[in-house]
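Okay, quick one from me today. Let's pull the model up and walk through some strand pairing.

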Amino acid sequence: MRLLLTRDEWQITADVYREEFPEQEAFTRKVANESSEGRFRLASTMAADRWVEHGMTPDWLHNPTEDLEYTWLLNRHGHFYELGKAYTGTGDKKYPETFVRHIRSWRMQNPVPIGLSYEQSVYFQKPGPWRLLEVGLRVQAWIWGWLLMSDSPILDTVFVAELKEGLVEHARYLSSYLGDCSINHATMHMQGLHMIGMIMEAHPEAPYWLQLATERLELCLHKQIREDGVQEELTPSYHNASIHMFGTPYGLAKQMGRPFSRTYTEKLRSMATFSCATVRPDGGTSPLSDSDVSYDIPSWIGFLGAILEDESIIASGRLDDKTLWQIGAERFKQLRLSEVERRRISQQPNGLTVAAADTHLAQQQAGTEPQTVVFPHSGYYLIRDRNNHLFFDAAPMGGAHGHADVLHFEWMFKQCLLFSDPGRYTYEEGDWRRYFKGTSAHNTVTIDQCDQTTYVSTQQWGERAAEPTVHRWLTNSEYDFIDASHDGYMRLAQPVTHRRWLLLCKKQPMLLIVDWLEGEGAHQMEQSFQLTPSANLILDKLGQQVTIEYGEQVTLQMSWSMEGISHAEHSVKSGWISPNYGFKEPIPVLGCSGSFTGMGAIAVICIPESCAWDQRHRQKEAAVVMERMQLDLDQRSMKLVWSCGEVPMQSILIDTHSVSFDT
């Protein structure tokens, strides 16, 4: 076995871990101790809220849920990382004893399957531990446990021979089934094979494993990362996970003197921009598609900068414990010192919890404002200024992890989330999975209570997925404007096209949304807004205006104008958001529904008012007052007139060709 660090270097790394990351070190000991007693608590499963008893000799197929994710995650053996780190820090023999017991029991219970079809091994049909994704991740956990506990006499020559035999079985299995390089599963398959080839370089088959894995990782990166740096599945969580998937073998290969190509390096570097842009002012990320709200993105950015040795990327993130264990204490301290010095020079505080150079907080501290960032090859628009962070989705489905949410958006104003994304909640087949992936759970328009794309199952959509088209994108000092449509409802017996205009003003707190619906026959429509748990709604008696109070942070006024829409009414329904897998909480959902024949349009102006005082002027900011809003179906145009404090009336005129901003 080829070691990444010496035993003394691992020990120093454990000392730094304990000193600089006491909470994470306590978590490591907790997981190591519980798993030594046969108990597991698996994040991103439907049992994430509890420790589950599996026995001192674990039953590796026991699943207390109906969620296949539980079996898969259990059999990735993620606790081996914590056993290794706990042993390095304490020398307690119970950790290598657990490692040996778990490896042996797992191999006894789960012999290598014979005669599986390609589909059973690669995709979702087989729930057991030999799904290729689990194989690729499990071998990395085995190897890390081995590396960190290799000096323990518990890992004697007999056990090491067994472990090597198991790794060879895994390598041969991984190299027998080659998955589709356009999805992240294939990356994880080859990530594991690459590590076996590197660490077991003396094995006669290792050169083949290493060459195969290297070539396919290069191909995966080429196919999965779009020209604008966004991962092909168009899911923020999987994009950031892909930084780890591609970055870990990259860092290992560099340490071992077998670096990847320059093309691989630059493609990997391009992924940083999207990760930075998705960090909201509160430090979390938008949970679009199958994502969670993550506050760890700066850590992944810091990790990427560390393995690329790119200080500009490191400056946009944060060096954390994961990077410490990847690169060792010596290099970590060097990078940490340079990180601290950069922040001192730029007068930014230490330990920022958000990406430093590319988020609202850090930019305000540096005297600059966040800038809008566009990813045109993917269809994502991050519309940002000193008050707003709006994530607009004009992206295609992106595969099984996509949601039926074209033209959906999430909006945060002055660090207060106004319109939210629902997240994913679960991968378990059933009503909850269907709800969270469905169109009505997003901030867009639903036609005839149908999803934009037909739901088939938890990881499958109908063959004709909704396709977006961006007609116009305009940005200037006054506003950002996007004009986009999708064809998801063209599959209906009487087809409909949904086209949305969204304009966010930069000098006044104001968001305008216009939805154009055009097709054949009569239809029902509903425009939905997913709010937050703290939102309190007040509907006026005429039903044309809604006031939403977000605690003591922001009050939002919403006013509508409609043409061609009959029987219009507002409603408040019960909905759900899921900030993390396996957890959900209720929210109010504001809907505006009605019917139309042939063509209809619905416009809504959203005017947020901060409840906070302007400390510099000892007064509240002047509120925007909407004076008049008029839609014209024949001209396909929209006119809005408003005033703000002592500023005279201003207007916006939008049609299919231009946007006129009269100030």
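**Strand β14 and its partners**

So, start here: Leu 502 has Ile 513 in β14 as its bridge partner. Before I go on, this is a predicted model, where local features need pLDDT of at least 70, side-chain atom pairs count only at pLDDT 80 or more, and totals for chains, interfaces and linings use all residues. Residues are numbered from 1 along each chain as its sequence is written, and side-chain values use heavy atoms, with hydrogens and water left out.

Strands here are DSSP runs of E, at least two residues, numbered from the N terminus, and two of them pair if DSSP finds at least two bridges between them.

Back to β13, residues 496-505: 9 bridges link this strand to β14, antiparallel, and a hairpin of 5 residues connects the two. β14 also pairs antiparallel with β19 (residues 585-610), over 17 bridges; there, Glu 526 is matched with Ser 593 in β19. Then there's β8, residues 445-447, antiparallel to β14 with 3 bridges, where Ile 447 sits opposite Met 525.

Why call β14 largely enclosed? Because 14 of the 20 residues in this strand, 511-530, are buried, meaning under 20% relative accessible area with a 1.4 Å probe, protein chains only.

Now the other sheet I wanted to show. This one is open, with 4 strands in the order β20-β21-β22-β23, paired antiparallel. At the edges are β20 (624-632) and β23 (659-662), each pairing on one side only. Between β22 (residues 647-654) and β23 there are 4 bridges, and Ile 652 stands opposite Phe 661 in β23.

Definitions and conventions
Buried means under 20% relative accessible area, exposed over 50%, partly exposed in between (1.4 Å probe, protein chains only).
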